[in-house]
Amino acid sequence: MSDTPPTGAIGIDKAAVDALQDALAAEHAAVWCYTLIPAFLPADQVSTARADADAHRAVRGQLEQILSDLGVQPVSAQPAYQTPKPVVDGPSAAALAVVAETDALAAWRSVVERTSDRSLRQAALDVLTKGTLRCAVWRTVVKDPPAILVFPGSA
């Protein structure tokens, strides 16, 4: 999302609000993952992980504001999340970053697909684009080609 929430999003339909809530849940999970990941990464990858965490925190905050502006209670973060595989070293931490980014991409793709509000679609597309680039970095680290999927958020 940009630095300011989309102004045309007020009054979007329930499907779009549900998609935004799902995106917020994915952002909460991504932030949680990115608090775990740096502890296991090699020193040269830690700053990337921290920058990615900051990006997710910023989007999460903007999304919470949008939902609040819509008069909707933003979904809360879970106290903890279960990783798909144990995180025990740099490669498994980078693999978790791929999972976090992929899950967030799927949620943001759903926002694009479930709203007709132009400014909301543009904001979601911006998040999807930036997330695709973050995911590509981690997919390259774990050597999981292609770095950028043909349809980000679909797999």
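Helices (H or I, at least four residues) and strands (E, at least two) are DSSP runs, numbered from the N terminus, and with that convention Pro91 belongs to helix H3. The model on screen is predicted, so local features need pLDDT of at least 70 and side-chain atom pairs count only at pLDDT 80 or more, while totals for chains, interfaces and linings use all residues. Residues are numbered from 1 along each chain as its sequence is written, and side-chain values use heavy atoms, with hydrogens and water left out.

**Whole chain**

Begin by colouring the protein chain by pLDDT, which is the predictor's confidence in each residue, from 0 to 100. The mean for the protein chain is 90, and 89% of its residues reach 70 or more. Select residues 2–9 next: the pLDDT there is below 50, and beyond near neighbours in sequence this stretch has 14 contacts in the model, where contact means heavy atoms within 4.5 Å. Where pLDDT is low, the predicted coordinates should not be read in detail.

Switching to a cartoon view, you will find four helices and zero strands, in the order α-α-α-α from the N terminus on. Of the 155 residues of the protein chain, 45% count as buried; buried means under 20% relative accessible area, exposed over 50%, and partly exposed in between (1.4 Å probe, protein chains only). Among the contacts in the protein chain with a separation of 6 or more, 79% come from residues 24 or more positions apart.

**H1 against H2**

Select H1 (residues 14–36) together with H2 (residues 43–69). These two helices pack at an angle of about 150°, with their axes 9 Å apart, which makes H1 roughly antiparallel to H2. Axes are lines fitted to C-alpha atoms, for helices over the stretch in contact, and angles run from 0 to 180 degrees between N-to-C directions; angles under 35 degrees count as roughly parallel, over 145 as roughly antiparallel, 65 to 115 as roughly perpendicular and the rest as oblique. The crossing of H1 and H2 is left-handed, a term that applies if the near helix is turned anticlockwise from the far one by less than a right angle, with right-handed used if clockwise. To display the contact, show side chains including Val17, Leu20, Leu24 and Val31 in H1 and Ala53, His56, Leu63 and Leu67 in H2.

Stay on Ala53, which is found in helix H2 and is buried, with a relative accessible area of 3%. A distance drawn from C-alpha to C-alpha between Ala53 and Ile37 gives 9.7 Å in space, for residues that are 16 apart in sequence.

**H1 against H3**

Keep H1 selected and add H3 (residues 90–113). The axes of H1 and H3 come within 8 Å and cross at roughly 165°, and H1 and H3 are therefore roughly antiparallel to each other. H1 passes H3 in a left-handed crossing. Among the residues that meet here are Ala19, Ala23, Ala26 and Ala30 in H1, and Ala97, Ala100, Ala104 and Trp108 in H3.

**H2 against H4**

Now hide H1 and H3, and select H2 with H4 (residues 118–141), whose axes come within 12 Å and cross at roughly 155°. H2 and H4 are therefore roughly antiparallel to each other, and their crossing is left-handed. The contact is made by Gln45, Thr48, Ala49, Asp52, Ala55, His56 and Val59 of H2 and Val127, Arg134, Val137, Trp138 and Val141 of H4.

**Pro91 and Ser92**

Return to H3 and pick Pro91, which is exposed, with a relative accessible area of 58%. Pro91 and Pro42 are 49 residues apart in sequence, yet their C-alpha atoms are 9.3 Å apart in space. Ser92, also to be selected in H3, is buried, with a relative accessible area of 17%. A polar atom of the Ser92 side chain lies 2.8 Å from the backbone nitrogen of Val88. Leaving aside neighbours within four places in sequence, Ser92 is in contact with Pro86 and Val87.

**Thr115 and Lys143**

Thr115 sits in the loop between H3 and H4 and is buried, with a relative accessible area of 7%. Not counting residues up to four places away in sequence, Thr115 touches Ile12, Ala16, Leu120 and Arg121.

End the tour at Lys143 in the segment after H4, where the residue counts as exposed at 69% relative accessibility. Phi of Lys143 is near 55°, a positive value in a residue other than glycine. Most residues other than glycine have a negative phi.

Methods: A polar contact is a pair of N or O atoms within 3.5 Å; within protein, one must be able to donate a hydrogen and the other to accept it, and residues adjacent in sequence count only if both atoms are side-chain atoms.
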